[in-house]
Amino acid sequence: MTTDTTSLRPSAARPRAEGTPASARARRARAQRRSQLTAWAFLAPVALYLLLFYAYPLYKNIELSLRHYTVTSFVSGNAPFVGLQNFVSVFTSATFAPAIWNTTVFVLVSIVVQFALGLALAVFFHNNFPLSGLLRALFLVPWLLPLLVSASTWSWMMNSDSGIVNAFLEAVGIGQINWLTSPDWSLFAVLIANIWIGIPFNLVIMYSGLQGIPDELYEAASLDGANGWQRFWRITFPLLRPVTAITLLLGFVYTLKVFDIIWIMTKGGPSGSSTTLAIWSYQLGFGSLLPDFSSAATVGNVLIVIALVVGLVYARVQRRLEV
Amino acid sequence: MRTKTAIRIGALVAAASVVAGLAGCSAQSSGSGSDAAKGTYTFWDPYPQYDASSAWGKLVTQCGKDAGVTVKRTGYDTSDLTNKALLAGQQGKSPDVLLVDNPVVSTLAQAGILTDTGTNGLKTGSISENILGAGVIDGKTFGVPIGANTLALYYNPKVLQAAGVDASSIKDWSSLTAALAKVKAAGKKGITFSGINTEEGSFQFLPWFWGADADLTKLDSSKAQEALALWKDWIDKGYAPNSVIQNTQTTSWQEFQSGDFAFGENGTWQKDAAKQMGAGVITIPAKDGGAAPVPTGGEFFTIPVQKDDARYATTKKIVECLSSGDNVVKTDNTLNYIAASSSLQQQQLADDKDLSTWVDAVKAARARTGDNLGVKYPVISEQLWTAVQKAESGSASPSDALQAAQQAVDAKLTK
């Protein structure tokens with residue numbers, strides 16, 4: 001491996017100076033080889049780490065989705081190669097279209113509302129006022145709670161018969177809403193919980209983005225007679241664009257893989273009305289007594305591809321912004 | 001030059017530590033293998049709540065000692081255990097004894113990681129057939145039950161009294177529904193159960209499904225529709241709360257414990273809590289009277305396949321020690337299980353008369369994966385709970401939901 005890389009190095013191909021003593025040349029070559037080795041030694045931990053913990057699991061997941069694994073062949077390891085058959089059966093499944101729709105609604109609505117509220121709160125807290133630090137800290141609470149705790153709490157609050165939300169709605173004369181037990185409301189219910197959990201993340205990132213905008217710009221704008229609305233749309237928003245892009249991308253990936261909240265609150269039900277791709281994948285692999293690893297991995301791969309496409313779109317947009 | 005050397009040494013240390021770390025991992029895993037040769041037997045169970053100092057932990061240790069070996073016991077979360085067992089089987093590192101939830105036995109047997117009694121020599125002698133059924137596939141028996149728990153109908157005497165209902169008058173579905181109507185008229189709540197979209201939901205629905213004499217191989221039969229219509233009707237009329245759609249058996253029990261409910265469908269494991277709140281218990285009525293067949297819960301001792309055949313003899317001794325006589329009665333009492341053979345059930349009854357309803361329920365119980373359903377059961381069960389959810393939430397009528405369920409089962413099983 002060492003000789004390979006040495007020969008690849010441009011310096012090795014450099015014509016040597018006339019009349020260099022042979023011993024000096026050998027010494028230089030040895031030094032070069034040694035520094036090559038050092039470079040590889042430095043790379044090795046990272047490369048090994050990437051291979052073991054990223055490449056191999058990904059490879060296994062793809063392999064699972066291209067073979068027909070039953071519990072028997074999972075143990076014996078002789079699952080037949082079926083090509084894209086698992087993908088075909090996932091795409092033609094009656095669960096697929098609703099799951100895609102639920103995932104799309106869940107991700108888009110979550111991101112838009114989280115981002116809008118997060119940004120609004122960030123701008124609000126950017127004007128330092130008494131107790132703003134304390135208030136801002138309070139807004140971070142949803143982020144600090146374990147998801148299990150917050151999702152269970154939402155589940156209690158939204159209980160059809162004895163939840164506090166319905167108690168309130170009945171007190172003001174609206175009546176009982178079956179948040180978690182009606183197919184018309186369940187997706188909305190988990191959306192509310194997810195948005196609540198996502199606001200602090202958006203708030204924190206947008207707030208730090210705001211702190212990066214020099215005050216002089218605002219001063220100059222007010223000298224020019226810009227009002228608050230104009231200052232936001234002409235200065236704050238454009239200058240936040242890079243931070244916005246990364247926030248939306250991260251938000252997308254986080255929301256796409258949201259599982260805990262939905263699983264704890266509705267288990268994807270009733271009758272699939274809040275089943276997203278992530279939930280579906282889990283149901284296939286771990287939700288019944290008989291695991292269907294191949295189908296679960298197939299849905300998982302679909303999720304990965306979606307995240308990858310969005311990531312690439314982000315990279316492209318980012319490059320265009322920089323140019 | 002000195003800094004370069006320092007860097008080089010640093011890199012070497014980093015690389016070496018990674019290699020050492022990996023070697024450490026493999027050394028650890030092969031370590032357990034060599035331990036086994038010295039007479040250590042591994043034992044996995046789904047009781048992480050019991051540590052080595054508990055009665056269960058001590059019993060396992062003692063049974064190992066009696067067999068002349070050391071038993072290394074690990075408790076896993078029950079939902080975790082199936083996949084853990086499959087992975088271990090794949091890696092050829094199965095434990096010597098695996099205590100698993102009974103409907104999982106057929107899955108693991110199908111995967112080929114369990115030995116049957118012909119190989120491991122376990123005796124099934126006096127074990128009741130209906131309980132053993134979960135472990136029997138194509139005439140082969142893949143384990144022995146530690147005991148069984150099941151479902152019955154708890155009632156709150158205070159609520160019934162206020163509504164003028166006598167618990168002993170409940171003999172069939174119509175008398176139960178009539179009682180629920182009276183309870184509601186008296187301003188109390190009727191019945192709570194768990195109709196969630198997981199195995200728990202199927203488990204809770206089965207007494208009504210089987211109580212209508214419906215068959216798991218025909219989900220769309222008119223008898224099955226009657227059972228689902230019963231639940232649906234209770235929800236529509238307000239006899240059962242809407243929250244049953246997302247209730248687990250635990251949340252359903254919490255509802256019952258609030259004291260407002262006349263009835264709560266729940267398991268043997270709540271009998272002590274029920275006694276504390278003064279609740280009574282009756283068997284779940286079948287449609288036309290008598291005790292409905294209820295599904296059995298509880299674990300099976302299984303002996304996974306080992307490379308070394310010679311281990312089975314000792315493993316068998318450990319399992320026999322744990323699964324017979326006074327030992328298993330004691331364990332069953334701690335776990336709130338009913339023993340798996342009628343003689344041991346009598347022994348339990350002699351100590352505690354209150355168990356009679358539960359012994360009756362277990363006698364009328366069926367194994368979910370029994371009748372040679374085996375690994376078809378998980379497929380059927382998933383569609384069954386989906387149909388129950390659809391009907392409960394009103395997104396389909398009971399008959400439409402069950403028809404769709406049967407079609408889905410047919411499509412999956414022929415695939």
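Strands β8 (residues 189–192) and β9 of chain B run parallel, and three bridges join them. This pair is a good place to start reading the predicted model, and the points below work outwards from there. Along the way we visit a second set of strands in chain B, then chain B as a whole, the two domains of chain A, and finally the contact between the chains.

**The sheet around β9 of chain B**

- Within the β8–β9 pair, look for Lys189(B), which stands opposite Phe261(B) in β9(B).
- β9(B) also has a partner in strand β7 (residues 151–155) of chain B; here five bridges join the two strands, and they run antiparallel.
- One place to see this second pairing is Leu153(B), whose bridge partner in β9(B) is Glu265(B).
- Put together, these strands belong to an open sheet of four strands in chain B, in the order β8-β9-β7-β10, and its pairing is mixed.
- Which strands form the edges of this sheet? They are β8 and β10 (280–282) of chain B, since each of them pairs on one side only.
- On average, neighbouring strands of the sheet are turned by 25° against each other, with direction ignored.
- Why is β9(B) described as largely enclosed by the rest of the structure? Strand β9 covers residues 261–267 of chain B, and seven of its seven residues are buried, so the rest of the structure largely encloses this strand.

**Strands β1, β2 and β3 of chain B**

- Strand β1 (residues 40–45) of chain B is mostly covered, with five of its six residues buried.
- Six bridges link β1(B) to strand β2 (residues 70–75) of chain B, and these two strands run parallel.
- To find this pairing on screen, try Thr40(B): its bridge partner in β2(B) is Thr70(B).
- Between β1(B) and β2(B), the chain passes through helix α2 (residues 55–66) of chain B, making a β-α-β crossover that is right-handed.
- β1(B) is joined to strand β3 (residues 97–101) of chain B as well, by two bridges, and this pair also runs parallel.
- For this pairing, look at Phe43(B), whose bridge partner in β3(B) is Val97(B).

**Chain B as a whole**

- Stepping back, chain B has 18 helices and 11 strands.
- Its C-alpha atoms fill a box of roughly 90 × 55 × 45 Å, taken along the principal axes.
- How many of the 415 residues of chain B count as buried? The share is 50%.
- Among the contacts in chain B with a separation of 6 or more, 75% are between residues 24 or more positions apart.

**The two domains of chain A**

- The domain assignment splits chain A into domain 1 (2–66) and domain 2 (90–322).
- Taken over C-alpha atoms, the centres of these two domains of chain A are separated by 44 Å.
- Four residues from domain 1 of chain A and six residues from domain 2 of chain A take part in the contact between them.
- On the domain 1 side, those residues divide into two nonpolar, two polar and no charged.

**Where chain A meets chain B**

- Across the two chains, 30 residues of chain A are in contact with 39 residues of chain B.
- On the chain A side, α3 (22–66) and α4 (71–76) each supply at least two residues.
- The largest share of that side comes from α3(A), with six residues.
- By type, the chain A residues that touch chain B divide into 15 nonpolar, 13 polar and two charged.

Methods:
Residues numbered from 1 in each chain as written. Chains lettered and ligands numbered in written order. Predicted model: local features only at pLDDT ≥ 70, side-chain atom pairs only at ≥ 80, totals over all residues. Contact = placed C-beta atoms within 7 Å. Nonpolar A, V, L, I, M, F, W, Y, C, P; charged D, E, K, R; others polar. Buried ≥ 20, exposed ≤ 12 C-beta atoms within 10 Å, placed from the backbone. Pairing = 2+ DSSP bridges. Axes fitted to C-alpha atoms, helices over the stretch in contact; angles between N-to-C directions. Domains from an automatic or database assignment. Right-handed = clockwise from strand over helix to strand, strands pointing away.
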